[in-house]
Amino acid sequence: MLFQWFLLQLTLPYTLITAQTCAIDDDCSLNGLCTSLACVCDPGWIGPDCGRLDLSPATRGTGYNYTTYTNPSYYNTRGNSSWGGQIVQDQQDPKLFHLLVDQFAHGCGLSGWRPTSFVARAESTTGPQGPYHWVQNVTGSFRHNTYVHWSPADEKHLLWTIGVSVPDPTSCKSVSKESWPNNISVSSSSSIRGPWSPFHITVNGTNPAPWPLWSPDNHTSAIALVAEDLRIFTADRWDAAYTLINTAPWNTSDYSPTWAEDPFVWRDKRGNWHALAHWMIDIVEKNGTKYPRVGAHMYSRTLDGKWNFKLQEAFNSTIAFTDGSTETFNRRERPKLFFSDDGEVTPLYLVTGVQALGTTTTSYTLIQPVGTAWQEYEKQLGF
């Protein structure tokens with residue numbers, strides 16, 4: 001029996017290696033290079049095909065969690081739920097970080113996100129992981145799917161949302177989507193603190209994922225805008241007319257194996273394109289269960305080329321914490337990455353909205369480090 005076990009240990013690694021060989025970089029999810037028939041993953045990615053985020057333990061109390069706050073100076077006396085956001089490093093003070101988040105008015109929870117959602121800005125002086133503290137309401141209701149980035153060509157921050165300005169809701173009651181305009185709008189400001197220009201409607205759709213087409217070799221104002229179902233648009237600048245250039249080559253209907261939402265899109269150091277999204281495979285296969293498989297990764301060599309969707313999780317809703325505990329969340333959605341600024345486009349942090357098991361209302365925004373490069377990044381900043 002011992003000899004048979006020893007033979008198994010010798011043959012198992014060989015079996016795994018031969019089953020995980022690659023032929024081209026596409027087999028490595030374009031997150032690494034195919035070298036000697038094996039994928040060598042870029043920092044921040046792991047797995048035999050480099051298709052999974054290399055997530056480090058998160059620290060409890062970081063991110064943006066105001067669900068238990070009762071001080072009215074923090075917007076409301078009943079606690080405040082949020083649902084994901086975007087990290088922005090301050091342009092004047094590199095040790096100051098901003099988080100623009102979807103927050104819900106009047107102490108309402110996630111179940112009342114439409115129409116109570118609006119954009120808030122929080123700050124952290126203790127590093128990009130936070131904790132972040134509320135400082136400003138950026139918009140009124142109804143604004144959701146917040147996405148902000150710096151446009152080098154325009155020298156402006158661009159703030160993207162869905163929704164329309166309406167009187168501040170007085171109830172947490174949810175409103176059906178059929179009762180609201182379905183559009184993606186954008187506003188601009190030279191400062192992350194505002195003031196912000198009036199919102200400009202771009203396209204019909206939801207879940208905006210923009211990325212400037214500017215590069216060191218091409219100082220263009222052109223922009224890519226990806227919407228729900230990986231509908232890809234481009235425009236000569238953020239407030240110009242948008243043209244649809246590509247749609248997903250897979251089935252995007254509800255309850256299909258490729259049912260996904262909330263894309264986050266970026267272009268890597270090699271010029272390849274990627275998207276993270278909320279993958280709803282467990283809803284499909286487990287009669288409505290929303291966890292634990294929640295993250296999908298898609299990729300393409302060109303913006304308008306053939307995109308690939310591997311039916312495997314890029315991240316899930318079970319999170320390890322630095323105190324040694326783990327927690328599986330009922331929902332983990334709205335993924336956004338914060339990258340290194342050294343030209344390597346290394347993912348340093350993953351931002352998601354999370355909701356604990358046992359609740360259908362309260363939610364908060366969690367920030368989890370990716371890989372190990374974040375440690376040197378924080379060290380260089382003096383944290």
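# Strands, cores and disulfides in a predicted model

Thr326 is exposed, with a relative accessible area of 56%. This is a predicted model, and the values below are computed from it. The cut-off for exposed is over 50%, so Thr326 falls in that class. Thr326 sits in strand S22. Leaving aside neighbours within four places in sequence, Thr326 is in contact with Ile319 and Ala320. Phe199 is another matter: its C-alpha lies 41 Å from that of Thr326, and 127 residues separate the two in sequence.

## The sheet around S22

Strand S22 belongs to an open sheet of 4 strands. The order is S21-S22-S23-S24, with antiparallel pairing. Which strands form the edges? They are strand S21 (318-320) and strand S24 (364-369), each pairing on one side only. From one strand to the next, the twist averages 50°.

Strand S23 (residues 347-356) and S24 run antiparallel and are joined by 6 bridges. One residue pair here is Thr352, which stands opposite Leu366 in S24. A helix packs on this sheet. Helix H4 (residues 373-381) lies across S22, S23 and S24. Its direction makes an angle of about 105° with S23.

## A second open sheet

Another open sheet also has 4 strands, in the order S13-S14-S15-S16. Its pairing is antiparallel. Strand S13 (209-212) and strand S16 (243-246) are the edge strands, and each pairs on one side only. Neighbouring strands are turned by 30° against each other on average, direction ignored.

S13 and S14 are linked in the antiparallel sense over 4 bridges. Within that pairing, Ala209 has Val226 of S14 as its bridge partner.

## Nonpolar cores

In soluble globular proteins, nonpolar side chains tend to be buried together. The largest nonpolar core of this model has 52 residues. Which members touch the most others? They are Trp160, Leu230, Tyr242, Leu276, Met298, Trp307 and Leu337. Several strands give two or more residues to this core. They are S10 (156-163), S11 (183-189), S14 (223-227), S15 (231-235), S17 (260-267), S18 (273-279), S19 (295-300) and S22 (326-339). Strand S22 thus appears in this list and in the sheet with S21, S23 and S24.

Apart from the largest core lies another one, of 20 residues. Among its members are Phe338, Val351, Ile367 and Trp374.

Leu230 shows the packing of the largest core at residue level. Not counting residues up to four places away in sequence, Leu230 touches Asn246, Thr247, Ala248, Trp250, Ala275, Met298 and Trp307. Of these partners, Met298 and Trp307 are also listed among the core members that touch the most others.

## A buried serine

Ser151 is found in strand S9 (residues 143-151). Is Ser151 buried or exposed? At 5% relative accessibility, Ser151 counts as buried, because the limit for that class is under 20%. With residues up to four places away in sequence left out, Ser151 touches Lys156 and Leu158.

## Disulfides

How many disulfides are there? The count comes to 4. With bonded cysteines counted along the chain, the pattern is 1-3, 2-4, 5-6, 7-8. The table gives three of the links.

| Pair | Sulfur separation | Angle about the S-S bond | Hand |
|---|---|---|---|
| Cys22 and Cys34 | 2.1 Å | 100° | right-handed |
| Cys28 and Cys39 | 2.1 Å | -90° | left-handed |
| Cys41 and Cys50 | 2.2 Å | -90° | left-handed |

What does the link of Cys22 and Cys34 tie together? Cys22 lies in the loop between helix H1 (2-19) and strand S1 (32-35), and Cys34 lies in strand S1, so the pair joins parts 12 residues apart in sequence. Cys22 is buried, with a relative accessible area of 4%.

Cys28 also lies in the loop between H1 and S1, and Cys39 lies in strand S2 (residues 38-41), so this pair ties together parts 11 residues apart in sequence. Both Cys28 and Cys39 are buried.

The link of Cys41 and Cys50 has one end in each of two accessibility classes. Cys41 is partly exposed, at a relative accessible area of 25%. Cys50 is buried, at 0%.

Note on methods: Residues are numbered from 1 along each chain as its sequence is written. This is a predicted model: local features need pLDDT of at least 70, side-chain atom pairs count only at pLDDT 80 or more; totals for chains, interfaces and linings use all residues. Side-chain values use heavy atoms; hydrogens and water are left out. A nonpolar core is a set of buried Ala, Val, Leu, Ile, Met, Phe, Trp, Tyr and Cys residues joined through side-chain atoms within 4.5 Å. Buried means under 20% relative accessible area, exposed over 50%, partly exposed in between (1.4 Å probe, protein chains only). Contact means heavy atoms within 4.5 Å. Two strands pair if DSSP finds at least two bridges between them. Axes are lines fitted to C-alpha atoms, for helices over the stretch in contact, and angles run from 0 to 180 degrees between N-to-C directions. A disulfide is a pair of cysteine sulfur atoms within 2.5 Å.
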